[in-house]
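Colleague: Please take a close look at the place where the ligand sits and describe what surrounds it.

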Amino acid sequence: MIMELTYRRAVARDLPVLHEIAMTTFENTYGRFNTAENMRLYFSQAMSEGEFARQLKDEHQPYWLIYAANRLVGYCKLDLVNTLVDDPQDDQCELERLYFLPEAQHRGFGTMAFQHICGWAVRHGYRSLWLVAYPKNKPALAFYRKMGFEQVGTTVFPLGHDMQQGIVHRLILSSDKKND
Ligand SMILES: CC(C)(COP(=O)(O)OP(=O)(O)OC[C@H]1O[C@@H](n2cnc3c(N)ncnc32)[C@H](O)[C@@H]1OP(=O)(O)O)[C@@H](O)C(=O)NCCC(=O)NCCS
């Protein structure tokens with residue numbers, strides 16, 4: 001049986017739960033590739049509770065909590081101002097985060113959530129979706145390849161003291177995703 005997902009736009013009162021799942025999934029995904037010190041620095045800067053609180057108030061940085069059978073299994077975030085290109089256009093947005101808890105991965109949820117995100121983006125007038133992926137995150141690279149992204153360049157992703165290389169991906173959105 002295919003389980004349906006539900007998506008809820010996160011609001012200020014979701015801060016504790018959003019922050020917790022963000023920290024858990026980030027640690028689970030990248031902890032093994034990075035020093036404890038760089039992870040600690042990243043958590044205290046880019047992923048501090050204060051930073052999440054600030055972003056939750058920003059209409060250009062929508063977060064969604066993702067539930068399966070009423071259980072929180074993941075979250076995603078768009079940045080509606082694409083910072084990955086020198087000359088950003090209004091119809092580009094960035095998929096900044098898409099993370100599922102370990103027990104919810106590779107069960108088709110990522111594909112469903114991705115279709116939901118594309119549908120939202122198309123309905124709101126976006127024509128391309130951009131993102132950065134970490135070269136050592138092989139499951140994510142396979143996932144984005146399967147979703148149709150092309151690799152179009154690289155960028156620097158600072159994680160603590162480590163200036164890491166990120167692979168920039170782009171997907172042209174087609175209007176037939178409108179009804180997803
Ligand atoms: C990456 C992620 C969002 C994909 O979502 P998912 O629900 O696991 O993916 P799906 O089950 O929909 O799988 C779709 C495809 O993704 C790829 N994929 C997903 N998990 C994979 C894994 N563990 N190993 C290799 N490929 C994988 C496969 O190509 C898969 O197709 P297949 O089932 O025919 O093999 C999810 O695994 C996740 O949250 N990972 C940890 C956080 C993360 O890396 N986020 C992305 C940051 S850039």
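Modeller: The ligand occupies the largest pocket; a pocket is, on a 1 Å grid over the protein atoms alone, an open set of points where a 1.4 Å probe fits, with protein on both sides within 12 Å along at least five of seven lines, and a molecule sits in it if more than half of its atoms lie within 2 Å of its grid points. This is a predicted model, in which local features need pLDDT of at least 70 and side-chain atom pairs count only at pLDDT 80 or more, while totals for chains, interfaces and linings use all residues. Residues are numbered from 1 along each chain as its sequence is written, and side-chain values use heavy atoms, with hydrogens and water left out.

Helix H1 (15–30), strand S4 (92–100), helix H4 (109–123) and helix H5 (138–146) each give two or more residues to the shell around the ligand; helices (H or I, at least four residues) and strands (E, at least two) are DSSP runs, numbered from the N terminus. H5 supplies the largest share, 6 residues.

In total, 20 residues surround the ligand, and His106, Gly108, Gly110, Thr111 and Lys146 are the closest; a residue counts as near if one of its heavy atoms lies within 4 Å. Polar contacts are pairs of N or O atoms within 3.5 Å. A backbone N or O atom of histidine 106 lies 2.6 Å from an oxygen atom of the ligand, and for glycine 108 the corresponding distance is 2.7 Å. A polar backbone atom of phenylalanine 109 is 3.5 Å from an oxygen atom of the ligand.

How values were computed:
Polar contact = N/O pair within 3.5 Å; in protein donor to acceptor, adjacent residues only side chain to side chain. 1 Å grid on protein atoms, 1.4 Å probe; cavity = no way out; pocket = protein on both sides within 12 Å on 5 of 7 lines; lining within 4 Å.
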